[in-house]
Amino acid sequence: MMKRYTQKQIEKIMAGQAGWIQRLEEMYGIPRAYLQAVLFKEMTEINFVDTLADLAVKWYWLRYDFLSWFCCVLKRPPLHHFPGGLLKKRDSSTGYAQIFAYVAIRAMRYALEKGLESSPVAFGFPEDHVPEEKDPADLGRVWQRLNGDPGFNLRMAALNLISAAEEMTGRIAFSSYSPAEIQLIFTRYNANSRTVTAYGRETYQYYLAFSGKKQEDRETKAS
């Protein structure tokens, strides 16, 4: 399947996001190599099937926004359900880090629960509104931001990695994870699996490269 980005394009995009990745490290305490590894892995895999999936979701939310506007014009109650129709795809893994909207919403809620952020305002929501993945307005709003705002996309990826780290290891300690734990974290970013997958192993190799780990360091930690 034809890939969307060439190696040179990926390197250029990552160089352009370097400052923001560093900022995310400062904000949330997640070493940049984790995010760089996931970003590189995901971008090398994006193909035109992913692009078609995004187009289907865009069309869905255009319909939803139009119907919502129409309800407002007719002074009818706002939509509290998803519209039907032939194309019912309302979520997809999108953007550079390939994040689903429902995953991003869970990451936001995790950040709020753990005190990584103090208010939904940090994510562009009103102070008194914690986003819900079952709320069509929230899901659509988040997906469109993930699709169109690279900074927001990477921010959700960082929070998703932190959430995955705690879920898979029981703690947040990026300076002391074992190789097996790091592979589990990367695995969980991609899939709901309790055992290391090929994705986790490959992304771990990218992590080693981005973090500048030497082969002897890897062998020492793995022994």
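## The overall layout

Follow the chain from start to end and the pattern you meet is α-α-α-α-α-α-α-α-α-α. That makes 10 helices and zero strands. Keep in mind as you look around that this is a predicted model.

The chain has 223 residues, and buried ones make up 44% of them. If you take the contacts with a separation of 6 or more, 63% are between residues 24 or more positions apart.

## The nonpolar core

In soluble globular proteins, nonpolar side chains tend to be buried together. Here the largest nonpolar core has 59 residues, and the members that touch the most others are Y34, V142, M156, L161, F186 and Y207. Helix α7, covering residues 150-169, gives this core its largest share, with 10 residues.

V142 is a good one to click on. Setting aside neighbours within four places in sequence, V142 is in contact with A101, A104, I105, M108, F125 and F152. Two of those names, F125 and F152, come back below, each with an arginine over its ring.

## Helix α1 and its two sides

Helix α1 runs over residues 7-16, and I10, I13 and M14 are buried in it. Looking down the axis of α1, you'd find its buried residues within an arc of 95°, so they line one face of the helix. What lies over them? The cover for the buried residues of α1 includes α2 (18-28), α3 and α9.

Now turn to the face pointing away from that buried side. There you'll see the exposed residues K8, K12, A15 and G16.

## Aromatic rings

How many aromatic pairs does a search of the whole structure find? There are 12. One of them is F40 with F210, an edge-to-face pair with 6.0 Å from centre to centre and 65° between the planes. F40 sits in helix α3 (residues 32-45) and F210 in helix α9 (residues 198-211), so this pair ties together parts that are 170 residues apart in sequence. As for how covered the two partners are, F40 counts as buried at 12% relative accessibility, while F210 counts as partly exposed at 33%.

Another pair is F100 with Y102: the ring centres are 5.6 Å apart and the planes are at 45°, so this one is tilted. Both partners are partly exposed, F100 at 30% relative accessibility and Y102 at 31%. Elsewhere, ring pairs link Y34, F174, Y177, F186, Y204 and Y207 into a cluster. Y34, F186 and Y207 should sound familiar, since they're also among the core members that touch the most others.

## Arginines over rings

Two arginines are worth a look. The charged end of R141 sits over the ring of F125, at 4.5 Å from the ring centre. R145 does likewise with F152, its charged end being 3.9 Å from the centre of that ring.

## Helix α8: E181 and Q183

Helix α8 spans residues 179-190 and is home to Q183. Is Q183 buried or exposed? With a relative accessible area of 15%, Q183 is buried, because anything under 20% counts that way. Beyond its neighbours within four places in sequence, Q183 is in contact with V196, G200, R201 and Y204. Y204 also belongs to the ring cluster described above.

E181 is in α8 too, and at 18% relative accessibility E181 counts as buried. A polar atom of its side chain lies 2.9 Å from the backbone nitrogen of S178. Leaving out neighbours within four places in sequence, E181 is in contact with T169, R171 and S176. T169 is 12 residues away from E181 along the chain, and their C-alpha atoms are separated by 6.7 Å.

## An unusual backbone angle at Q98

To finish, find Q98 in the loop between α4 (48-73) and α5 (101-113). What is the phi of Q98? The angle is positive, about 50°, although Q98 is not a glycine. This loop residue also counts as buried, with 11% relative accessibility.

Methods:
Residues numbered from 1 in each chain as written. Predicted model: local features only at pLDDT ≥ 70, side-chain atom pairs only at ≥ 80, totals over all residues. Heavy atoms only, no water. Helix = DSSP H or I, 4+ residues; strand = E, 2+ residues; numbered from the N terminus. Buried < 20%, exposed > 50% of the residue type's maximum accessible area, 1.4 Å probe, protein only. Phe/Tyr/Trp six-rings, centres within 6.5 Å; stacked < 30°, edge-to-face > 60°. Lys NZ or Arg CZ within 6 Å of the ring centre and 35° of its normal. Contact = heavy atoms within 4.5 Å. Arc of directions from axis to C-beta. Polar contact = N/O pair within 3.5 Å; in protein donor to acceptor, adjacent residues only side chain to side chain. Core = buried A, V, L, I, M, F, W, Y, C linked by side-chain atoms within 4.5 Å.
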